[in-house]
Amino acid sequence: MFSRRLRSAFWQPRLSLFLLCTASLLSTEFKCTRAVQVTSTGPQTIQKAEGESVTLGCSYTLNTLDTGELDIEWSVVSPDTTQKDHMLISYSSGNKYDHRNHALVNGLSFAAYDPSLGDASLSIALLSPAHSATYQCKVKKSPGVDMRKVSLLVMAKPSVPKCWMEGGELVGKPVSLHCKSAQGSTPLKYTWRRESGGLLPAAATQNVVTGELKISNHSQSFAGIYLCEVNNAVGAEHCRINLKANKPPNRAAVIVGTVVGSLLLIFILLVFVGVLYWKWSSRRRYEKEFSNEIREDVPPPESRPVSRRTSRSASQHPQVTYSQVGGTDDGRIQTPSTDSHRHTPVKHAPVRYDSKYGYAV
């Protein structure tokens, strides 16, 4: 019993001293391997609008125990864990290097003129959707090394929306106000509010996804200017519409107006048909009278010109005509004399009888 107490008293101080030394050595080794520390504490995910610029922070501190060369690397982390990360820019031995084998290199640079002074932040100008990725900053100075990852999401701002109305503006009838933006990264959120006239009607319901504001029972108190705002994580735009409240028309007046309008239309059609018939009858009468005048005024046909053969025959037998008349026994022609014209009888030489033309007269 006494020997056990003596042995315990001998080993306890030595065991405590051994554990203290071991812990001290481990702590010293840990501090040496973690001497380089990236101290940037910004958000791990950054959302920016297209066309803007951004700086991805990567500030660091060194320790006097770090004796190796300072190496800084910015790379794009591949979403596929089986693939290599894409190196963008790096700093080593006092020199900057651009690794042009990646499309994102354009517009990238170190934010500080000398990254070895504790600021290895990355600057990106004129952001585009292609810059959306996860970036990694790695600072190494043997034996220490540390790194930081930042996710960048480049989004498009919503375009100016278009406001329009469906349904009439009649009191007591349903009406819907619509708002739609043609461009912008999702998710887009639509919000309606009254710019004049007070708060939104209690009976109105709006859809923040589709941008519709529906009023089931329109009234005079709902009239006013309504504003629709569309926004996402990087921007917002809006449009306005003026909602009126019109009283519904009188049904009796509508019926009377319809009947009167129908009768007036029928009367106009009858007048039009009557005018057409009168014009057609007048034209027929005029054409008939004109044709009769043409028949009465037709001149006699002109005599045909005498042919050359007929002229030759006439020259051979001038003033000679033939007639089938009777003659005397001695072959002479006897012409009767009239009382009104008394001529001295003239004796003619006997003529021959032609079987085709007869006696010459």
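If we number the bonded cysteines of the protein chain in sequence order, what is the pairing? I will come to that in a moment, after a word on what we are looking at.

This is a predicted model, in which local features need a pLDDT of at least 70 and side-chain atom pairs count only at pLDDT 80 or more, while totals for chains, interfaces and linings use all residues. Residues are numbered from 1 along each chain as its sequence is written, and side-chain values use heavy atoms, with hydrogens and water left out.

Let me begin with confidence, where pLDDT is the predictor's own confidence in each residue, on a scale from 0 to 100. The protein chain averages a pLDDT of 78, and 68% of the residues score at least 70. Residues 1-11 fall below 50, and beyond near neighbours in sequence this stretch has zero contacts in the model, a contact being heavy atoms within 4.5 Å. Over residues 307-343 the pLDDT also stays under 50, but there the model has 26 contacts beyond four places in sequence.

As for the chain overall, its secondary structure comes to three helices and 20 strands; these are DSSP runs numbered from the N terminus, helices being H or I over at least four residues and strands E over at least two. Of the 361 residues in the protein chain, 24% are buried, where buried means under 20% relative accessible area, exposed means over 50%, and partly exposed lies in between, with a 1.4 Å probe and protein chains only. Among contacts between residues at least 6 apart in sequence, 59% join residues at least 24 apart.

Now to the cysteines. A disulfide is a covalent bond between the sulfur atoms of two cysteines, and here it is assigned when a pair of cysteine sulfur atoms lies within 2.5 Å. The structure holds three of them, and the answer to my opening question is that the pairing runs 1-2, 3-6, 4-5.

Taking them in turn, Cys58 and Cys137 have their sulfur atoms 1.9 Å apart, and the torsion about their S-S bond is about -70°, so this disulfide is left-handed. Cys58 lies in the loop between strand S3 (54-56) and strand S4 (60-61), whereas Cys137 lies in strand S10 (residues 133-141), so the pair ties together parts that are 79 residues apart in sequence. Cys58 counts as buried because its relative accessibility is 0%, and Cys137 counts as buried because its relative accessibility is 0%.

A disulfide also joins Cys163 to Cys239, with 1.8 Å from S to S, and with 65° about the S-S bond this link is right-handed. It connects distant parts of the chain, since Cys163 sits in strand S12 (residues 162-166) and Cys239 in strand S18 (residues 236-243), 76 residues apart. Both Cys163 and Cys239 are buried.

That leaves Cys179 and Cys228, whose sulfur atoms are 2.2 Å apart; the torsion about their S-S bond is about -90°, so the disulfide is left-handed. Here Cys179 in strand S13 (residues 175-180) is linked to Cys228 in strand S17 (residues 224-231), 49 residues apart, and Cys179 is buried, as is Cys228.

Strand S10 brings us to a sheet. Which order do the six strands of this open sheet have? The order is S2-S11-S10-S5-S6-S7, with mixed pairing, and two strands are taken to pair if DSSP finds at least two bridges between them. The edge strands are strand S2 (45-49) and S7, each of which pairs on one side only. At the S7 edge, four bridges join S6 to S7, which run antiparallel, and Ser90 has Tyr97 in S7 as its bridge partner.

Finally, some backbone details in the loops. Ser142 and Pro143 are joined by a cis peptide bond with omega of about 0°, and Pro143 is found in the loop between S10 and strand S11 (144-155). The peptide bond from Thr186 to Pro187 is cis as well, with omega near 0°, and Pro187 is placed in the loop between S13 and strand S14 (189-194).

Two residues other than glycine have a positive phi: Ser93, near 55°, and Leu126, at about 50°. Ser93 is in the loop between strand S6 (86-92) and strand S7 (95-98), so to speak of Leu126 we move to the loop between strand S9 (122-124) and S10. Is Leu126 buried or exposed? At 65% relative accessibility, Leu126 counts as exposed.
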